[in-house]
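Grab a pencil and work through these short exercises with the model open beside you. Each task comes with a solution, taken step by step.

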Amino acid sequence: MAGPYATRGVRPSEEAAQRIKAKAPTIKEQVLKYVKEHPGTTCEEATQGLKLKHQSCSPRFLELVEEKRIEFDEIRGPDGRTLRRYRIVEDPRQGRLF
């Protein structure tokens with residue numbers, strides 16, 4: 001069975017899902033470490049800082065939020081778009097960032 005991000009029945013997508021399955025835990029740990037070291041980071045900032053592709057990094061943020069290992073505050077960016085600023089859940093001293 002293909003990973004959760006595969007388009008079922010599309011061979012290249014299923015192959016890509018299998019390839020990322022081995023890398024995903026490593027990328028997830030990189031993302032978690034980056035958020036610990038840079039509280040208040042956005043997904044885009046982490047993607048650039050870790051030199052990852054957006055499609056590899058962004059799902060790891062979702063997984064970490066679902067696992068309740070990171071959380072976020074939503075703020076308005078300078079262009080009016082909503083930004084999510086992420087932080088580690090297990091550090092109660094951090095409080096809200098924004």
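**Exercise 1.** Work out how strand β1 pairs with β2, and what the hairpin looks like.

*Solution.* Start with the strands (DSSP E runs of at least two residues, numbered from the N terminus, as are helices, which are H or I runs of at least four). β1 covers residues 70-76 and runs antiparallel to β2, with seven bridges joining them; two strands count as paired if DSSP finds at least two bridges between them. Next, find D73: its place is opposite R85 in β2. Then go to the five residues between the strands, where G80 has a positive phi near 90 degrees.

A word on the model: it is predicted, so local features need pLDDT of at least 70 and side-chain atom pairs pLDDT 80 or more, while totals for chains, interfaces and linings use all residues. Residues are numbered from 1 along each chain as its sequence is written, and side-chain values use heavy atoms, leaving out hydrogens and water.

**Exercise 2.** Which residues of α2 are buried, and how are they arranged?

*Solution.* Pick out C43, A46 and T47, the buried ones (under 20% relative accessible area, 1.4 Å probe, protein chains only). Now look down the axis of α2: they fall within an arc of 105 degrees (directions from the axis to the C-beta atoms), so they line one face. Just after α2 comes K51, with a positive phi near 55 degrees.

**Exercise 3.** Find what I70 touches, leaving aside neighbours within four places in sequence.

*Solution.* Using contact as heavy atoms within 4.5 Å, you'll get L32, V35, F61, L64, V65, Y86, R87, I88 and V89.

Key:
Buried means under 20% relative accessible area, exposed over 50%, partly exposed in between (1.4 Å probe, protein chains only).
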